Amino acid sequence: MSDTPNIGFVRHEPIPPSPPPVQQAGVVKWVRENLFSNWVNSILTILSIYFVVKIILASTPWMWNGVWTTSSLRECREVLQGTSGACWSVLAERWNQMLFGFQYPVEAYWRPTLAFVLLLICIAPILFQKLPRNMLIFSAIYPFLAFWLIWGGTLLTPVIVALSLIAGYLAFVKVERLTGFATALLSGVAAVVLVLYLGSFVTSALPEFIALEPVASRDMGGFMLNLILGTVCVSLSIPLGIVLALGRQSNMPIIKGICVVFIEFIRGVPLITLLFVANVVLSYFFPPGTNLDLILRVIIMITLFSAAYIAEVIRGGLAALPRGQYEAADSLGLDYPQAMRLIILPQALKISIPGIVNVAVGLFKDTTLVSVISMFDLVGMIRGPISSSTAWTGIYWELYLFAILLFFVVCYGISQYSQWLERQLRTDHH
Amino acid sequence: MSEAQMKVSDEIAISIENMNKWYGTFHVLRDINLDVQRGERIVICGPSGSGKSTLIRCINALEEHQKGSITVDGTLLSSDVKNIDKVRSEVGMCFQHFNLFPHLTILENCTLAPIWVRKIPKKEAEETAMHFLQKVKIPEQADKYPGQLSGGQQQRVAIARSLCMKPRIMLFDEPTSALDPEMIKEVLDTMIELAEDGMTMLCVTHEMGFARQVANRVIFMDAGQIVEQNEPEEFFNNPQSDRTKLFLSQILGH
């Protein structure tokens with residue numbers, strides 16, 4: 001070629017932005033890409049739609065025709081006359097039993113119900129940073145209030161426990177300024193024990209002071225029991241898990257050793273054996289005559305169990321942080337607790353959210369395992385008192401669907417919250 | 001000699017005597033002897049793996065030394081945690097990869113240590129932070145997160161973050177090695193300004209122009225030892241050791 005094209009080029013006007021072509025955006029694009037991208041996918045799409053429709057058509061009449069007002073399965077069958085239909089009456093008739101168990105005093109149902117409503121108010125400021133921070137005061141009071149509402153007895157009991165914790169905290173803070181962490185921790189524990197001991201005289205002297213009718217732990221049941229175990233164990237096992245994870249990373253061999261042995265032991269044992277231990281074996285270790293509450297024993301075991309898992313999840317988060325973060329914190333002169341609290345844990349916990357939520361959801365569902373040690377949680381109620389009553393023998397679908405619905409609502413809610421939280425905490429690529 | 005290179009006092013800021021360090025059985029630093037005067041600016045260079053980063057990381061105890069002594073501002077570095085924290089709060093450090101805290105805003109990055117270590121009231125700490133952010137020329141980014149800033153901006157924030165602790169000594173560990181060419185200059189300008197204010201600086205870098213302009217002394221390290229040290233003019237124009245000559249020919253050759 002004789003005349004070489006001139007390769008010099010200068011742009012004087014920037015190209016203005018323009019929208020993408022219609023075929024490449026919106027619903028049309030989505031359907032084409034995801035449902036009918038080739039003939040295999042098109043067949044699969046059509047088959048799936050066919051089966052979904054089939055299932056809906058088959059199950060809707062059964063649900064819709066359901067009977068709500070009979071008092072036994074036999075009456076249900078008489079009303080339905082052989083047509084397809086669910087016997088929802090069992091839910092209506094045993095509603096309270098499934099929520100509160102069969103021994104909780106009927107006239108006190110308002111107490112756990114109120115505790116549940118207050119629970120929502122209590123966790124709101126913990127879950128949502130934007131809510132006013134002084135709502136956290138109520139969150140701090142709530143555990144003691146809920147205990148009093150559900151278990152009853154004199155208000156003095158939870159008040160004294162709260163006072164003992166405050167005393168322990170104050171002792172810890174005062175002593176830590178003068179000496180080290182370890183002595184401070186010991187004196188904190190000593191203060192707690194002292195106040196509890198002195199307080200026990202007060203409660204035994206005034207058992208009727210602002211008292212509600214006491215309800216024994218063995219009378220708790222239904223979904224309430226699942227919720228109690230779930231919330232208490234999750235909220236206890238996260239801090240314990242953090243401590244275990246930090247302990248496992250510690251340079252101090254004894255602390256590290258204890259944490260490693262504990263975590264590996266707990267992870268190597270099925271939860272159900274731990275529950276049997278809580279139920280039967282644990283009482284051999286206490287002096288004769290002491291009777292540690294069964295729910296308390298179960299709470300301890302489930303908490304230890306999930307704390308071990310959460311510790312490993314958090315250890316993963318700690319390991320994922322670049323070493324530079326530790327070094328930057330060190331180089332600024334932050335000491336170990338400050339570096340952990342301000343720099344390392346906020347980031348490690350953020351990475352660990354999906355794992356922690358996974359454990360929390362698993363834990364909540366695992367609370368149904370207590371039905372094997374003859375506690376009547378929701379599943380225990382269905383398997384035991386309801387299925388074996390003469391009126392409702394032979395009814396399964398309706399009851400278990402109800403249980404599935406309750407657990408699904410809670411677990412799906414937790415999962416959605418965690419995804420929202422992950423989005424909130426993302427600080428890159430705005 | 002530029003103006004910055006003039007102000008050096010006789011006071012000793014850092015004194016390193018016969019310092020040795022091993023990684024396991026690997027002898028990384030061998031018989032290091034180094035005195036740094038207050039106000040002095042030292043550039044440390046050398047091939048990778050020569051122990052130059054390890055040396056300055058020993059000065060604020062990010063790495064432990066096994067033999068010999070390091071005295072910083074009159075405080076002897078030992079395994080005593082109190083001494084280590086004291087030295088760290090007096091010595092600022094900038095890293096190759098900035099190491100800003102990604103979950104905190106730029107302003108929070110700068111106020112965190114003054115508030116928690118120096119116990120300065122939040123408002124006062126914020127004023128100081130804004131002052132230093134102004135100095136590194138990015139006050140308008142104060143409310144953003146580190147992930148939203150360019151590398152050069154992040155490194156300048158890292159410098160400001162160290163300065164907020166009002167350190168008497170600054171350590172720089174290859175501050176421009178992870179940056180695009182366009183951003184190296186803005187970081188170097190900040191460091192030159194700092195040098196002109198009379199800060200005691202130890203800087204591991206391959207920016208030889210910076211060394212010529214700012215340093216009082218250039219130290220060349222190889223295989224964990226100080227091979228040669230001299231004033232920059234003398235060091236670049238008339239290197240004595242063969243190892244230094246080879247190194248200089250390789251980095252200045254292209």
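This is a short tour of a predicted model, with something to select at each stop.

**Stop 1: the big core**

Start by selecting A:Y104, A:M220, A:V370, B:I16, B:I44 and B:L202. Out of the 130 residues in the largest nonpolar core, these touch the most other members. Now colour helix α14 of chain A, residues 336–366: this helix gives the most to the core, with 14 residues. In soluble globular proteins, nonpolar side chains tend to be buried together.

Zoom in on A:Y104. What does A:Y104 touch, if you skip residues up to four places away in sequence? The list is A:Y109, A:R111, A:P112, A:L149, A:I150, A:V215, A:D219, A:M220 and A:M224.

There's a second, separate core too, with 46 residues. To find it, pick B:V187, B:M191, B:F210 and B:F247, which are among its members.

**Stop 2: helices α14 and α16 of chain A**

Keep α14(A) on screen and add helix α16 of chain A, residues 397–425. Two packed helices are described by the angle between their axes and the distance between the axes. For this pair the angle is about 175 degrees, and the axes are 10 Å apart. An angle over 145 degrees counts as roughly antiparallel, so that is the label for α14(A) and α16(A).

Next, show the side chains where they meet. On the α14(A) side, select A:K350, A:I353, A:P354, A:V357, A:V361, A:F364 and A:K365. Their partners in α16(A) are A:F407, A:V410, A:C411, A:I414, A:S415, A:S418, A:L421, A:E422 and A:L425. Sorted by class, the residues of this contact are 11 nonpolar, two polar and three charged.

**Stop 3: helices α10 and α12 of chain A**

Hide that pair and select residues 253–267 (α10) and 294–320 (α12) of chain A. How do the axes of these two helices cross? They come within 9 Å and cross at roughly 115 degrees, which makes α10(A) roughly perpendicular to α12(A). The crossing is left-handed.

To see the contact, pick A:F262, A:I263, A:I266 and A:R267 from α10(A). They meet A:L304, A:F305, A:A308, A:Y309, A:A311 and A:E312 from α12(A). Eight residues in this contact are nonpolar, none are polar and two are charged.

**Stop 4: helices α4 and α15 of chain A**

Now try residues 89–100 (α4) and 378–386 (α15) of chain A, which pack at about 120 degrees with their axes 11 Å apart. The two helices are therefore oblique to each other, and their crossing is right-handed.

Click on A:V90, A:R94, A:Q97 and A:M98 in α4(A), then on A:L378, A:M381, A:I382, A:P385 and A:I386 in α15(A), since that is where the helices meet. The count here is seven nonpolar, one polar and one charged.

**Stop 5: three buried residues in chain B**

Switch to chain B and select B:A160, in helix α5 (residues 151–163). Is B:A160 buried or exposed? B:A160 has 0% relative accessibility, so it counts as buried. Beyond residues up to four places away in sequence, it touches B:C110, B:F132, B:L133 and B:V136. If your viewer has a distance tool, try B:A160 to B:M130: they are 30 residues apart along the chain, with 9.1 Å between their C-alpha atoms.

Move on to B:F236 in helix α8 (residues 232–237). With 8% relative accessibility, B:F236 is buried. Its contacts outside the four nearest places in sequence are B:M208, B:A211, B:R212, B:V218, B:L248 and B:L252.

For the third, look in the loop between β6 (91–94) and α3 (106–116), where you'll find B:T105. It is buried at 11% relative accessible area. Leaving out neighbours within four places in sequence, B:T105 is in contact with B:A142, B:D143, B:K144 and B:Y145.

**Stop 6: two backbone oddities**

Most residues other than glycine have a negative phi. Which way does B:N18 go, positive or negative? Its phi is positive, about 45 degrees, and B:N18 is not a glycine. You'll find B:N18 in strand β1 (residues 12–23) of chain B, partly exposed at 43% relative accessibility.

Finish at B:A61, another non-glycine with a positive phi, this time about 60 degrees. B:A61 sits in the loop between α1 (52–59) and β4 (67–72) of chain B and is buried, with a relative accessible area of 17%.

Methods. Residues are numbered from 1 along each chain as its sequence is written. Chains are lettered from A and ligands numbered from 1 in the order in which they are written. This is a predicted model: local features need pLDDT of at least 70, side-chain atom pairs count only at pLDDT 80 or more; totals for chains, interfaces and linings use all residues. Side-chain values use heavy atoms; hydrogens and water are left out. Axes are lines fitted to C-alpha atoms, for helices over the stretch in contact, and angles run from 0 to 180 degrees between N-to-C directions. Helices (H or I, at least four residues) and strands (E, at least two) are DSSP runs, numbered from the N terminus. Angles under 35 degrees count as roughly parallel, over 145 as roughly antiparallel, 65 to 115 as roughly perpendicular and the rest as oblique. A crossing is left-handed if the near helix is turned anticlockwise from the far one by less than a right angle, and right-handed if clockwise. Contact means heavy atoms within 4.5 Å. Ala, Val, Leu, Ile, Met, Phe, Trp, Tyr, Cys and Pro count as nonpolar, Asp, Glu, Lys and Arg as charged, and the others, Gly among them, as polar. A nonpolar core is a set of buried Ala, Val, Leu, Ile, Met, Phe, Trp, Tyr and Cys residues joined through side-chain atoms within 4.5 Å. Buried means under 20% relative accessible area, exposed over 50%, partly exposed in between (1.4 Å probe, protein chains only).
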